[in-house]
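Let's take a walk through this fold, starting with how its strands are joined and then moving inward to a few individual residues. Keep the viewer open as you read.

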Amino acid sequence: MTMRTRPLGTTGPQVSALGLGCMGMSALYGEADRAESIATLHAALEAGVTLLDTGDFYGMGHNEMLIGEALRAAPAARREQALVSVKFGALRDPDGGWSGYDGRPAAVKNFAAYSLQRLGVDHIDVYRIARLDPDVPIEETVGAIAELVEKGYVRHIGLSEVGAETIRRAAATAPISDLQIEYSLISRGIEDEILPTTRELGIGITAYGVLSRGLISGHFTADRQLGAGDFRAMSPRFQGENLRHNLNLVEALRKIAEQKGVSVAQTAIAWVLSRGEDIVPLIGARSRDRLTEALGALDVTLDTADLTAIEEAVPAGAAAGDRYPAAQMAHLES
């Protein structure tokens, strides 16, 4: 396996061809093993992964502190290569509930101050609001991040889960490095309008959910029991007939993977990698075994026949169910 690099848009840094999404090490996908999480972070850095993605609301700050701990314990050379991307703005309550998003300039700077402390760093490499605050113009939110860039607390400005019009308004306010948004074989909504817009403006894509929260990893089964704190227990794609339909898509993909001698997960990640040099998939590995499997996608080459077969097995729009419950879908732009 050779780790390649990709540009994070025309205004962002070069990053590893795969990034590590760290949310599952702290929240929303059941219990996580702290020691294994740190070992996985170290293994990712040793493998040449440079982009670590987190959110200040993942485990109420736990994820940032976990990353900070892992970076402090890493060899200096590996620590220096790490680029940390942080999402902010999601409002939580002590019961773990969600209360909306706050993109006010004063809140932006407040969130950043706490993130810098928890991470134990003097700057954040990419900073972005997790979802658009409907009560605050994106120009004000991005303008506040731009002020943090001027002061050296942030290196690059990102966006997350916003539509083409908001992307244009943000880019007219300050240079935008990338848009973080869900993109996978069964979540292809960005292809119609959002992806053409980012490519026109020279904005990269960091794609999360490339395995659709494990649904198309090849490891998820219909009889799997999900805990009350697991997001998938409420996700429409993991419910009843939707789940059975979607797992049938996975079995169709498995046949193609087996013919190539690779795993389903590697095939799904390789498909996202094949969509363009401006797309950096985030892999949500919580263990070294899953990390190793995901990194193997870098050695998978999909030729024209492979891509055609994948499109036939899992055509655009084939998934059953929305990617979030209705209340959360309301916060997403398209």
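Two strands count as paired if DSSP finds at least two bridges between them. With that in hand, look at strand β8 (residues 124-129) and strand β9 (residues 154-160): 3 bridges join them, and the two run parallel. One concrete spot to click on is Tyr127, whose bridge partner in β9 is Ile157. As background, strands of a sheet pair through backbone hydrogen bonds, in either a parallel or an antiparallel way. Bear in mind throughout that this is a predicted model.

That pair belongs to something bigger. Going round in the order β3-β4-β5-β8-β9-β10-β11-β12, 8 strands close into a barrel, and the pairing is parallel. From one strand to the next, the twist averages 30 degrees.

Now zoom out. The protein has 12 helices and 12 strands. Its radius of gyration is 19 Å, close to the 20 Å that the globule rule gives for 334 residues, so the protein is as compact as a globular protein of that length. Along the principal axes, the C-alpha atoms fill a box of roughly 55 × 40 × 40 Å. Of the 334 residues, 57% count as buried. And if you take the contacts with a separation of 6 or more, 75% of them come from residues 24 or more positions apart.

What sits inside? The largest nonpolar core has 92 residues, and the members that touch the most others are Leu20, Leu41, Tyr127, Leu159, Leu179 and Ile269. Helix α9 (residues 264-273) supplies the largest share of this core, 8 residues. There is also a second, separate core of 8 residues, which includes Leu8, Leu83, Val126 and Tyr208. Back in the largest core, the contacts of Leu20 beyond four places in sequence include Leu41, Val49, Leu51 and Ile283.

Next, pick out Ile176. This residue lies in the loop between α6 (164-173) and β10 (178-182). Is a loop residue like Ile176 buried or exposed? Ile176 has a relative accessible area of 3%, and since buried means under 20%, Ile176 is buried. Leaving out residues up to four places away in sequence, Ile176 touches Thr11, Val142, Ile157, Gly158, Leu159, Ala170, Ala171 and Ile203. Ile157 is the bridge partner of Tyr127 that you met above. As for Ile203, its C-alpha is 6.4 Å from that of Ile176, although the two are 27 residues apart in sequence.

Ile203 also takes you to Thr198, which touches Ile167, Leu179, Ile203 and Ile205 when residues up to four places away are not counted. Thr198 is found in helix α7 (residues 194-201). A relative accessible area of 0% makes Thr198 buried. Where does its polar side chain go? The side chain of Thr198 reaches the backbone oxygen of Leu195 at 2.9 Å.

Finally, a couple of backbone oddities. Most residues other than glycine have a negative phi. Met60 has a positive phi of about 55 degrees although it is not a glycine, and Ser212 also has a positive value, near 50 degrees. Met60 lies in the loop between β4 (51-55) and α2 (62-73), while Ser212 is in the loop between β11 (204-208) and α8 (240-260). Met60 is partly exposed, with a relative accessible area of 44%, whereas Ser212 is buried at 3%.

Conventions
Residues numbered from 1 in each chain as written. Predicted model: local features only at pLDDT ≥ 70, side-chain atom pairs only at ≥ 80, totals over all residues. Heavy atoms only, no water. Helix = DSSP H or I, 4+ residues; strand = E, 2+ residues; numbered from the N terminus. Buried < 20%, exposed > 50% of the residue type's maximum accessible area, 1.4 Å probe, protein only. Contact = heavy atoms within 4.5 Å. Axes fitted to C-alpha atoms, helices over the stretch in contact; angles between N-to-C directions. Core = buried A, V, L, I, M, F, W, Y, C linked by side-chain atoms within 4.5 Å. Polar contact = N/O pair within 3.5 Å; in protein donor to acceptor, adjacent residues only side chain to side chain. Rg over C-alpha atoms; globule rule 2.2 N^0.38 Å.
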